[in-house]
Amino acid sequence: MDWYESLFLQMCAHVLSEARMSDTARVSGKPNYDITATRRIVGSYRKEAQLAYDAPAALEKISSGAKYVVLILVREHQFINALQNLKEKCHVVLSATMETDARASAVSNYYVDVAICKPF
């Protein structure tokens, strides 16, 4: 297993754990992953991995020389492929979409995309 595959699996577990803890604590609203624990996980891996919370930031980091970017997108809609535009501009090595228990509205939950991206 390559190091970035381990990082990807750890980020997926982190996203699910944070979502579960927020749900247990009855925290409402959009999940926030811009926290120290997220930055520590990415920082514990190789220095060429950087963190982004939206596609433009991920592309900016790649164009600035990042070898790998961990992208975490939180969104309300499951059926929109939030990574499609990104796939046209860089290589999305690994990605997963996870549903959280956090309510986005009366009829939907928030979804989180986790992706490992690198330049073509």
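1. Let's start with helix α2, which spans residues 36–43 in this predicted model. Which of its residues are buried? They are T38, I41 and V42. These three cover an arc of only 95° around the axis, so they sit on the same side of α2. The general background is familiar: an α-helix has 3.6 residues a turn, so residues three or four places apart point the same way.

2. Two of those buried α2 residues, I41 and V42, turn up again among the contacts of L7. L7 itself belongs to helix α1, residues 3–24. Is L7 buried or exposed? Its relative accessible area is 1%, under the 20% cut-off, so L7 counts as buried. Setting aside neighbours within four places in sequence, the residues in contact with L7 are I41, V42, Y45, A49, V70 and I116. Of these, V70 falls within strand β2 (residues 68–75), and I116 falls within strand β4 (residues 109–118).

3. A distance you may like to check on screen: L7 and G29 are 22 residues apart in sequence, and their C-alpha atoms are 27 Å apart in space.

4. Now to the charged pairs. How many salt bridges does the structure hold? There are 3. One of them joins the side chains of R75 and D113, at 2.6 Å from N to O. This pair links distant parts of the chain, with R75 in strand β2 and D113 in strand β4, 38 residues apart. Both partners are worth a look for their accessibility: R75 is at 13% and D113 is at 2%. Buried means under 20%, so R75 counts as buried, and so does D113.

5. Helix α1 takes part in another salt bridge, between R20 and D101, with an N to O distance of 2.8 Å. Here too the pair links distant parts of the chain: R20 is in α1, D101 is in strand β3 (residues 91–103), and their positions lie 81 residues apart in the numbering. Are these two buried or partly exposed? D101 is partly exposed, with a relative accessible area of 34%, and R20 is partly exposed at 49%.

6. The remaining point brings us back to α2. R39 lies within this helix, residues 36–43, and its side chain meets that of D34 in a salt bridge of 2.6 Å, N to O. R39 is partly exposed, at 40% relative accessible area, and D34 is partly exposed as well, at 42%. R39 is not among the buried residues of α2, which are T38, I41 and V42.

Terms used:
Residues are numbered from 1 along each chain as its sequence is written. This is a predicted model: local features need pLDDT of at least 70, side-chain atom pairs count only at pLDDT 80 or more; totals for chains, interfaces and linings use all residues. Side-chain values use heavy atoms; hydrogens and water are left out. Helices (H or I, at least four residues) and strands (E, at least two) are DSSP runs, numbered from the N terminus. Buried means under 20% relative accessible area, exposed over 50%, partly exposed in between (1.4 Å probe, protein chains only). Contact means heavy atoms within 4.5 Å. The arc is that of the directions from the helix axis to the C-beta atoms. A salt bridge is a side-chain nitrogen of Lys or Arg within 4 Å of a carboxyl oxygen of Asp or Glu.
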